[in-house]
Amino acid sequence: MEEDHWSCESSADTHEDIASGTIERFTPQRKFADRRMNVSGARTYFYVNEAQCEKNMETFLNCIDAVSDATYGTGFAAIKMTALGRPQLLMQLSEVITKTRNYFEKVSGHKGPIISAGVGIDVFEKRFKAENISLPENPEVDSWMKNMTYDKKSIIHLFSWSGLIDTNILLTDMFKVPNLKTGKLENLISALTREEEEMFKNMMRRLHTIFQYAKDRDVRVMVDAEQTYFQDAISRLTLEMMKKYNTEKAIVFNTYQCYLTDTLDQISLDLEQAYRQEFYFGAKLVRGAYMEQERERAEELNYEDPVNPTYEATTEMYHNCLKECLRRIQINKETLQEDTQRIAIMVASHNEDTVRYTVRKMEEFNIKPLDRVICFGQLLGMCDHITLPLGQAGYSVYKYVPYGPVDEVLPYLSRRAAENGSILLKLKKEKKLLWKELGRRVVKGQLMYTPKGDYIPIGASRV
Ligand SMILES: Cc1cc2nc3c(=O)[nH]c(=O)nc-3n(C[C@H](O)[C@H](O)[C@H](O)COP(=O)(O)OP(=O)(O)OC[C@H]3O[C@@H](n4cnc5c(N)ncnc54)[C@H](O)[C@@H]3O)c2cc1C
């Protein structure tokens with residue numbers, strides 16, 4: 001795992017000029033370099049070099065082709081951002097996001113996310129004035145203020161993230177903030193070499209290639225959620241990609257891990273951003289696959305455990321996130337005449353109670369299966385006793401199929417089979433149900449029986 005530890009470290013030799021130093025939580029740790037540790041429900045990509053990332057991109061493009069051909073554009077493809085670039089960059093960007101919030105709090109006095117603070121740029125002007133930083137005398141600060149993302153309501157981001165994904169601006173040039181004492185701009189991101197800046201551009205280019213291709217082929221793409229020290233960046237970049245590609249329908253989907261304590265805040269803010277910046281919002285709701293690793297790392301580095309304290313708290317978080325999405329969908333349904341599919345959600349869970357809860361809440365919020373705004377997702381070969389009845393009842397339901405070169409996919413599948421005890425328990429239940437159905441068919445003389453469902457397959461009109 002030495003290689004992966006290396007891929008998380010910058011080769012730049014100075015970290016001295018960064019505002020407020022580095023945050024240990026976002027630094028690579030040898031002990032956690034094997035990101036597969038205690039993770040059997042998700043595939044892990046290790047960074048080898050840029051050529052390998054290029055190959056991974058090709059695999060994702062082939063996957064989009066396969067989805068498009070097999071499902072007439074109604075299916076999904078899934079990607080992982082750590083497969084498409086050097087993970088260190090995602091770690092450094094995640095650190096920048098935390099530091100940006102800290103800086104915002106220092107200047108405005110408002111704790112928490114920027115978009116929900118209701119702070120306009122006038123608050124920054126006043127604060128700079130109070131610190132004797134005059135804008136006409138400090139043109140750098142003046143143009144820094146003009147580059148913020150804001151609307152009539154308030155500041156949305158301190159930086160132009162959409163500019164970052166679309167232009168050739170360097171990360172080190174973008175993430176600077178005015179020092180409140182000197183008025184000089186100082187770096188918020190650790191130093192990066194030219195080569196690393198180039199790697200970031202490559203990562204953005206690969207993402208653009210995938211999403212543009214998916215849009216052209218009318219295939220939706222889920223961006224998987226990963227470890228928290230990458231996830232802030234993954235989520236932020238995905239939101240900006242949504243803004244760019246989800247202009248006519250939801251093509252890009254983000255993933256929200258409900259085992260995290262701040263997920264309701266996060267999804268509420270992202271829904272708000274989608275509403276204010278007028279793009280289609282796509283999300284997959286999961287409980288989260290990296291719990292043991294997250295907890296162990298937090299304990300080792302002495303930061304607050306990002307995971308909910310109990311399984312029940314995770315379930316409550318899942319329910320609350322789902323309800324927030326349904327609430328917004330209901331408002332859209334009631335207020336928009338057409339174009340009511342501005343929010344699309346995948347409930348990705350093997351938990352029968354979660355599926356039942358979703359079906360019940362859909363009824364309560366008056367959201368019908370045919371509204372095509374909520375769908376369900378399970379892994380291939382798992383929980384067919386949940387997938388099939390859902391499909392027959394007219395709900396949109398998808399199976400996740402591992403895709404890629406055989407020599408890469410097989411080791412992942414065998415790890416899952418070997419490690420995931422709870423999956424085997426669910427398979428046991430499925431086997432029992434299959435035997436029961438076989439017995440029923442023998443008794444009723446229905447061995448060749450084909451159940452008739454009262455449903456329209458999704459995309460049927462286009463087949
Ligand atoms: C289609 C699909 C896509 C997925 N994509 C992703 C992805 O992009 N990123 C990702 O991280 N995961 C992903 N997962 C995996 C998912 O996060 C879960 O690990 C897995 O589905 C098990 O959760 P469940 O709801 O199915 O089952 P359950 O058995 O009901 O839940 C198990 C989960 O509950 C949580 N949990 C268990 N014990 C505790 C505890 N003591 N305290 C707090 N929480 C606890 C953990 O998240 C654990 O995985 C995906 C799953 C599916 C089906």
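Trainee: What do the buried residues of α11 pack against?

Mentor: In this predicted model, they pack against α9, residues 228-245. Contact here means that C-beta atoms of the two helices come within 7 Å of each other.

Trainee: Which residues of α11 are called buried?

Mentor: Met291, Glu294 and Arg297, in a helix that covers residues 291-301. The label requires 20 or more other C-beta atoms within 10 Å, so each of these three meets that count.

Trainee: How do you know where these buried residues lie around the axis of α11?

Mentor: Viewed down the axis, they fall within an arc of 140°, so they line one face of the helix. As a general point, an α-helix has 3.6 residues a turn, so residues three or four places apart point the same way.

Trainee: What does the face of α11 turned away from its buried side carry?

Mentor: That face carries the exposed residues Glu292, Glu299 and Glu300. Exposed means 12 or fewer other C-beta atoms within 10 Å.

Trainee: What makes Asn302, just after α11, worth a remark?

Mentor: Its phi is positive, about 65°, although Asn302 is not a glycine. The residue sits in the loop between α11 and α12.

Trainee: Why is Asn302 called exposed?

Mentor: Asn302 has 8 other C-beta atoms within 10 Å. The limit for exposed is 12 or fewer, so the label applies.

Trainee: How is Asp218 classed, buried, partly exposed or exposed?

Mentor: Asp218 has 15 other C-beta atoms within 10 Å. Buried needs 20 or more and exposed needs 12 or fewer, so Asp218 falls in between and is partly exposed. Asp218 lies in the loop between α8 (194-216) and β6. Its phi is near 55°, again a positive value in a residue other than glycine.

Trainee: What is the order of the strands in the open sheet?

Mentor: The order is β1-β6-β7-β8-β9-β10-β11, 7 strands with parallel pairing.

Trainee: Why do β1 and β11 count as the edges?

Mentor: β1 (76-79) and β11 (396-400) each have a single partner strand, so one side of each is left without a neighbour in the sheet. From one strand to the next, the twist averages 25°.

Trainee: How do you know that β6 and β7 are paired?

Mentor: Pairing takes at least two bridges. Between β6 (residues 220-223) and β7 there are 2, so the pair meets the requirement, and the two strands run parallel. Met222 stands opposite Phe253 in β7. On the β1 side, 4 bridges join β1 and β6 in the parallel sense, and Ala78 has Met222 as its bridge partner in β6.

Trainee: How many bridges join β10 to β11?

Mentor: There are 5, and at least two are required, so β10 (residues 374-379) and β11 count as paired. Gly377 has Tyr398 as its bridge partner in β11.

Trainee: Which helix packs on the sheet touching β7 and β8?

Mentor: Helix α10 (residues 263-276) does, with a direction about 160° from that of β7 (252-257). Angles run from 0 to 180 degrees between N-to-C directions, so α10 runs roughly opposite to β7. Helix α12 (residues 311-335) lies across β7, β8 and β9 and runs at about 155° to β9.

Trainee: What makes β7 mostly covered?

Mentor: Of its 6 residues, 6 are buried. Val252, Asn254 and Tyr256 point one way, while Phe253, Thr255 and Gln257 point the other way. At edge strand β1, too, both faces are covered: Phe76 and Ala78 on one side and Ala77 and Ile79 on the other are buried.

Trainee: Which residues are closest to the ligand?

Mentor: The closest are Asp224, Val286, Arg287, Ala348 and Asn351, in a shell of 28 residues. Membership requires a C-beta atom within 6 Å. β10 gives the most, with 3 residues, and β7, α12 and β10 each supply at least two.

Trainee: How does the shell around the ligand divide by class?

Mentor: It has 12 nonpolar, 14 polar and 2 charged residues. Gly counts among the polar residues in this scheme.

Conventions:
Residues are numbered from 1 along each chain as its sequence is written. This is a predicted model: local features need pLDDT of at least 70, side-chain atom pairs count only at pLDDT 80 or more; totals for chains, interfaces and linings use all residues. The arc is that of the directions from the helix axis to the C-beta atoms.
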